[in-house]
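Trainee: Got a minute to go through some helix geometry with me? I'd like to know where the labels come from.

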Amino acid sequence: MIKALLPDYILEQSVLSEPAVALKVDDKKQLSCLIPFVSTKFPLPTFKRVIHRNGVCLLLVCKLSQIPFEVYNSTVIAPEAADYLTSFISECTGSCLPENLVIVSVPSRLPMTVAQKNSCSWPVSFHPDKELERKICGTNFSEVEKSTVIQSITELLKKTDETSKNYVHVYDPKSCRKIETASTDTGSILGHATMVVIDKIAKTQCKTKAISSTYSCKDHHASFNGFCKRKADNSNECHAAKRLKTDDLEDDYLCTGFDIYLAIEPCVMCSMALVHSRIRKVFFGRTRSDFGGLTGTKLQEIKALNHSFEVYQVILSGEDRT
């Protein structure tokens with residue numbers, strides 16, 4: 001099973017509610033005046049303003065938190081708040097009785113999923129994120145993709161069990177091939193498998209760019225010194241150097257657009273390295289009992305970081321579960 005690791009606020013089945021004030025409207029002709037009047041004073045753009053409940057027309061006026069009075073009871077409108085609202089509504093309708101104001105529950109935040117939207121006690125504007133729904137249901141991968149992911153993690157876990165090292169490989173989904181592989185370097189304190197594989201990719205990119213820049217530099221000096229004929233002679237070498245750039249490395253920074261597969265969840269340090277390397281997706285088999293960067297610290301959920309990636313745990317038969 002390929003399980004997407006999503007934030008708790010997305011996986012929650014319901015959204016917390018908060019109290020709001022609604023107005024019972026007897027004369028529906030007043031709605032054309034009331035809706036823009038109330039919306040200007042108390043903007044709630046994502047909420048449906050008018051609903052019919054038990055044969056009563058209710059106009060959502062505002063959340064209790066929007067009233068400039070301290071409210072101590074969320075089930076009864078305080079006299080000061082009632083006077084304030086009736087006076088305000090009377091400016092539009094001419095009169096408003098306090099008994100026409102009722103407390104209702106509204107979502108404290110916008111729903112993120114269909115399940116959360118269905119739990120809302122007051123209708124809100126909602127457009128489902130189809131990709132997110134597929135991640136929750138586990139249907140965002142094709143059968144071929146699932147097979148590739150599960151096979152990769154199975155192979156890595158087998159090597160880990162045999163050597164007690166963490167094994168990883170970086171995969172390019174565009175060309176459908178492995179870019180680099182690595183395992184834990186026990187001879188270095190920073191020799192974590194993730195750090196090692198990123199370092200390998202960085203060195204490969206540096207060599208490629210160095211070869212290309214060497215020929216570009218020769219071309220530049222040849223042209224500068226006026227030896228235009230020599231430039232034509234070196235053109236074949238220049239093109240050969242450019243071809244040394246692989247499609248997946250050209251004009252990309254480190255692991256941009258790549259996926260990484262790990263036998264064991266990366267630590268906090270390695271997870272941060274994945275952020276800096278611009279990895280696209282992370283797949284791992286087993287969780288860490290300490291310093292887990294994805295299930296413990298949940299680095300991928302920190303919005304202050306300038307890059308984020310998708311995280312999936314591949315749960316095989318007999319393996320641990322998050």
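Mentor: Sure, here are two bits of helix geometry, and keep in mind that this is a predicted model.

Trainee: What makes the end-to-end span of helix α6 agree with its number of residues?

Mentor: Helix α6 covers residues 143-163, which is 21 residues. At 1.5 Å a residue they should span 30 Å, and the end C-alpha atoms are 30 Å apart, so the two agree.

Trainee: Which residues of α6 are buried?

Mentor: V149, S152, I153, L156, L157 and T160. Buried here means under 20% relative accessible area.

Trainee: How do you know that the buried residues line one face of α6?

Mentor: Look down the axis of α6: its buried residues fall within an arc of 130 degrees, so they line one face. In general, an α-helix has 3.6 residues a turn, so residues three or four places apart point the same way. On the face turned away from the buried side of α6 you get exposed residues E143, V144, K158 and E162.

Trainee: What covers the buried residues of α6?

Mentor: The cover includes strands β1, β6, β8, β9 and β10. After α6 comes S164, with a positive phi near 65 degrees.

Trainee: Why is α2 called oblique to α3?

Mentor: The axes of α2 (residues 31-41) and α3 (residues 79-93) come within 10 Å and cross at roughly 135 degrees. That angle lies between 115, the upper limit for roughly perpendicular, and 145, above which it would be roughly antiparallel, so α2 is oblique to α3.

Trainee: Which residues make that contact?

Mentor: From α2, C33, L34, F37, V38 and K41; from α3, Y84, F88, I89, E91, C92 and T93. The crossing of α2 and α3 is right-handed.

Technical notes:
Residues numbered from 1 in each chain as written. Predicted model: local features only at pLDDT ≥ 70, side-chain atom pairs only at ≥ 80, totals over all residues. Heavy atoms only, no water. Helix = DSSP H or I, 4+ residues; strand = E, 2+ residues; numbered from the N terminus. Expected span 1.5 Å × (residues − 1). Buried < 20%, exposed > 50% of the residue type's maximum accessible area, 1.4 Å probe, protein only. Arc of directions from axis to C-beta. Contact = heavy atoms within 4.5 Å. Axes fitted to C-alpha atoms, helices over the stretch in contact; angles between N-to-C directions. Parallel < 35°, antiparallel > 145°, perpendicular 65-115°, else oblique. Left-handed = near helix turned anticlockwise from the far one by under 90°.
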